[in-house]
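The following exercises concern a protein model with a bound ligand. Please inspect the sequence and the structure before working through the solutions.

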Amino acid sequence: MKIAFYGKGGIGKSTTAANVSAAFSQKGHKVCQIGCDPKNDSTRLLLGHICKQTVLDTVRDSEDGEVTAEQIVHEGFNGIKCVEAGGPEPGVGCAGRGIIVALEKLNALNVIPEDSLVLYDVLGDVVCGGFAVPIREGYATDIYIVSSGELMSLYAANNIAKGICRFAGRGKARLGGIIGNSRNTVNEEKLLKEFAARLNTNLIAFIPRDIIVNQAENKRQTVIEFAPTSNQAEVYRRLAEDIENNQKLTVPTPMTFEELEELISKYAD
Ligand code: ADP
Ligand code: MG
């Protein structure tokens with residue numbers, strides 16, 4: 001299974017991805033998490049530290065542009081393979097272009113076993129073609145969008161749906177659902193449910209905002225590792241289960257900005 005998590009920066013993609021990867025690995029899957037965000041911190045909670053060797057760093061540092069699997073695939077929690085695409089030096093070059101180079105390198109090295117569950121964690125800026133690459137080039141087939149009930153997060157989610165829609169015709173990428181990551185806004189779960197329905201998909205999870213996530217983060221761990229018996233860990237395990245059994249993969253039906261604003265104001269109080 002090849003899945004991708006998309007969403008606005010800071011919405012909780014990497015945290016959710018790392019916890020879902022951890023849950024999958026404990027179910028006995030071979031798991032590989034690939035960070036496609038120039039922030040490079042997708043796999044921090046799995047590795048226990050910020051990834052020091054990203055694909056692009058390694059390519060840049062090698063004289064002939066060649067890299068080995070050992071240089072770019074790092075082993076994290078419970079044997080999870082962790083890769084960070086990396087990004088250009090701040091202010092230099094295009095981060096999206098970097099994703100293309102990194103994924104091509106990874107592909108050429110053939111280091112991810114066919115029977116692995118691969119999770120791409122992608123910054124949700126499909127306005128830039130580079131970030132659409134996992135969808136466009138068929139790296140990921142099942143796409144999940146992480147969003148809260150906040151306008152800007154829903155706006156990004158709707159744009160990502162437009163991107164999936166655009167490439168659905170020629171590829172296999174489908175929308176698997178919206179992953180609600182709560183910011184405790186009013187009527188948030190109801191709003192997210194209707195938002196998902198309007199996009200022709202489901203709200204596959206509604207993850208509570210919980211301080212335990214930050215406590216685990218301070219220890220550089222997933223909640224699955226830090227507090228395996230907590231309610232929050234159970235929420236992430238259930239999400240992994242629901243992703244694995246998901247039968248509803250659709251071509252999304254994005255909204256106009258006016259429709260989105262109207263929907264949000266309907267749940268505003
Ligand atoms: P992204 O990868 O989308 O940029 P992160 O996963 O890095 O976002 O999350 C941003 C911040 O929000 C982190 O500090 C993380 O610990 C926090 N966070 C994410 N999800 C939750 C949650 N459900 N409850 C509390 N804090 C959360
Ligand atoms: Mg991230």
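**Exercise 1: Aromatic pairs**

In this predicted model, a search of the whole structure yields three aromatic pairs. Determine the geometry of the pair formed by Phe5 and Tyr144, and state which elements the two residues lie in.

*Solution.* Step 1: the ring centres of Phe5 and Tyr144 are 6.2 Å apart, and the angle between the planes is 70 degrees. Step 2: planes over 60 degrees apart count as edge-to-face, and the pair of Phe5 and Tyr144 is accordingly edge-to-face. Step 3: Phe5 belongs to strand E1 (residues 2-7) and Tyr144 to strand E6 (residues 142-147), so the pair ties together parts that lie 139 residues apart in sequence.

**Exercise 2: The surroundings of ligand 1**

Describe where ligand 1 sits, which residues surround it and which polar contacts it makes.

*Solution.* Step 1: ligand 1 occupies the largest pocket. Helix H1 (13-26) and helix H9 (211-218) are the elements that each give two or more residues to its shell.

Step 2: there are 18 residues around ligand 1, of which Gly10, Lys13, Ser14, Thr15 and Glu217 come nearest. By class, the shell comprises four nonpolar, eight polar and six charged residues.

Step 3: polar contacts require N or O atoms within 3.5 Å. Oxygen atoms of ligand 1 lie 2.8 Å from a side-chain N or O atom of Lys13 and 2.6 Å from one of Thr15. A nitrogen atom of ligand 1 is 3.0 Å from a backbone N or O atom of Pro208.

Step 4: ligand 1 taken alone exposes 570 Å², and the protein buries 89% of that.

Conventions:
Residues numbered from 1 in each chain as written. Chains lettered and ligands numbered in written order. Predicted model: local features only at pLDDT ≥ 70, side-chain atom pairs only at ≥ 80, totals over all residues. Heavy atoms only, no water. Near = heavy atom within 4 Å. Polar contact = N/O pair within 3.5 Å; in protein donor to acceptor, adjacent residues only side chain to side chain. Areas by Shrake-Rupley, 256 points an atom, 1.4 Å probe, with all protein chains shown as cover. 1 Å grid on protein atoms, 1.4 Å probe; cavity = no way out; pocket = protein on both sides within 12 Å on 5 of 7 lines; lining within 4 Å. Sits in = over half its atoms within 2 Å of the grid points. Helix = DSSP H or I, 4+ residues; strand = E, 2+ residues; numbered from the N terminus. Nonpolar A, V, L, I, M, F, W, Y, C, P; charged D, E, K, R; others polar. Phe/Tyr/Trp six-rings, centres within 6.5 Å; stacked < 30°, edge-to-face > 60°.
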